[in-house]
Amino acid sequence: MSRVAYVNGTYQPHGQATVHVEDRGFQFADGVYEVWSVFDGRLADFDGHLTRLHRSLDELRIPIPMTRQAMERVLKETVRRNRVNEGLVYLQVTRGTARRDHPFPAEGTPPSVVVTARSMPLSKGNASAEKGVAVVTHPDIRWGRCDIKTVGLLPNVLAKQAAKEMGAAEAWMVDEMGLVTEGSSTNAWIVDENGKLRTRDTQSNILRGITRAAVMKLIEAEGLELDERAFSVEEVKRAREAFYTSATGFIMPAVSIDGARIGDGKPGPIATKLRTLYLDQARDEAI
Ligand code: PDD
């Protein structure tokens with residue numbers, strides 16, 4: 001089946017879809033993005049991701065390229081044209097095309113907007129979640145505004161590649177204090193040795209994950225204890241469970257870190273339950 005991409009107002013065959021060589025996303029990573037998961041052809045947590053997109057744009061003073069309604073239409077149409085039932089839709093907005101010069105381009109330069117969608121069967125993620133995955137640690141060498149979801153992802157790319165080369169599914173980045181910040185494309189969690197859920201607070205330099213926020217609500221509804229506080233690699237090794245969250249992996253149990261077994265080396269009951277609850281809710285609430 002041929003794929004289709006939305007580029008600046010038109011739907012184009014994916015293989016031929018292009019942006020200008022002087023697009024500031026290409027030249028400077030001067031742009032932001034969002035990823036929605038798709039259930040039954042519908043978008044999960046539409047509002048959460050759209051609100052974060054607006055915040056990212058606002059923080060970087062990139063104009064909001066279209067109304068909420070238009071954005072919803074374009075995302076849904078891209079999903080429809082690509083016949084995605086289970087999968088994801090990706091949106092990127094950059095500061096537009098202008099002669100390469102570091103300062104912002106002239107006022108009125110339209111932002112560039114690209115949307116793509118692709119199928120990703122849930123069964124694949126479910127199989128990984130049933131076995132649990134390996135994570136490895138990697139130094140966090142990123143800039144000071146990781147709360148903005150920019151396309152400047154080179155440190156994340158290097159971390160994920162290092163994980164892949166070590167046979168792991170994700171890299172957990174570690175700050176100079178030895179504390180885990182987040183995954184290369186996920187938020188990191190443990191159930192600590194006392195049975196308390198832990199994830200790093202978002203006042204620090206990490207992304208405010210939309211899946212993280214949804215999982216926090218589930219934790220509250222389930223009456224589980226949560227401590228929004230950073231944890232060390234040593235604490236991960238002593239933890240009962242570990243997992244990570246994102247729009248593409250949902251809740252993914254991690255069963256080893258740097259080759260050391262976590263808990264009993266199998267996905268834990270809390271991570272497994274949260275995954276089920278999250279998937280049911282995301283599917284129910286998708287639009
Ligand atoms: N990544 N932390 C980082 C660094 C991320 O890139 C992401 C998402 C998350 C999880 O956020 P959310 O729950 O809102 O997806 C945390 C997306 C999926 C990506 O880059 O493909």
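## Helix 6

Let's start with helix 6, which has 12 residues and reaches 17 Å from its first C-alpha to its last, close to the 16 Å expected at 1.5 Å a residue. Keep in mind that this is a predicted model.

A good part of helix 6 is tucked away: Ile210, Thr211, Arg212, Ala214, Val215, Met216, Leu218 and Ile219 are buried. Just after the helix comes glycine 223, with a positive phi of about 75°.

## Around the ligand

Helix 6 (210–221) also takes part in the shell around the ligand, where it supplies at least two residues. Strand 3 (31–39), helix 2 (46–60), strand 9 (180–183) and strand 13 (241–246) each do so too. Which residues come nearest to the ligand? Out of the 20 around it, they are Tyr33, Glu182, Ile210, Thr211 and Ala247. Sorted by class, the shell holds five nonpolar, 12 polar and three charged residues.

Where does the ligand sit relative to the two domains? Domain 1 (4–120) and domain 2 (125–285) both give residues to the shell, so the ligand lies between them.

## Polar contacts with the ligand

Two of the contacts involve nitrogen on the ligand side. The side chain of glutamate 182 has an N or O atom 2.7 Å from a nitrogen atom of the ligand, while serine 185 places a backbone N or O atom 3.2 Å from a ligand nitrogen. Threonine 211, one of the buried residues of helix 6, has a polar side-chain atom 2.6 Å from an oxygen atom of the ligand. As for cover, the ligand has 480 Å² of accessible area on its own, and the protein covers 90% of that.

## Glutamate 34 in strand 3

Back in strand 3, you'll find glutamate 34. Is this residue buried or exposed? Its relative accessibility is 0%, and buried means under 20%, so glutamate 34 counts as buried.

Glutamate 34 also shows how the fold brings together distant parts of the sequence: valine 151 is 117 residues away along the chain, yet the two C-alpha atoms are 9.5 Å apart in space.

## Helix 3

Now for another helix. Helix 3 runs over residues 68–81, 14 residues in total, and its first and last C-alpha atoms are 20 Å apart, close to the 20 Å expected at 1.5 Å a residue.

Its buried residues are Ala70, Met71, Glu72, Val74, Leu75, Glu77, Thr78 and Val79. In an α-helix there are 3.6 residues a turn, so residues three or four places apart point the same way. After helix 3 comes arginine 83, whose phi is positive, near 50°.

Key: Residues are numbered from 1 along each chain as its sequence is written. This is a predicted model: local features need pLDDT of at least 70, side-chain atom pairs count only at pLDDT 80 or more; totals for chains, interfaces and linings use all residues. Side-chain values use heavy atoms; hydrogens and water are left out. A residue is near a molecule or strand if one of its heavy atoms lies within 4 Å of it. A polar contact is a pair of N or O atoms within 3.5 Å; within protein, one must be able to donate a hydrogen and the other to accept it, and residues adjacent in sequence count only if both atoms are side-chain atoms. Accessible areas come from the Shrake-Rupley method with a 1.4 Å probe; for residues, only the protein chains shown count as cover. Helices (H or I, at least four residues) and strands (E, at least two) are DSSP runs, numbered from the N terminus. Ala, Val, Leu, Ile, Met, Phe, Trp, Tyr, Cys and Pro count as nonpolar, Asp, Glu, Lys and Arg as charged, and the others, Gly among them, as polar. Domain bounds come from an automatic or database domain assignment. The expected span of a helix is 1.5 Å times one less than its number of residues. Buried means under 20% relative accessible area, exposed over 50%, partly exposed in between (1.4 Å probe, protein chains only).
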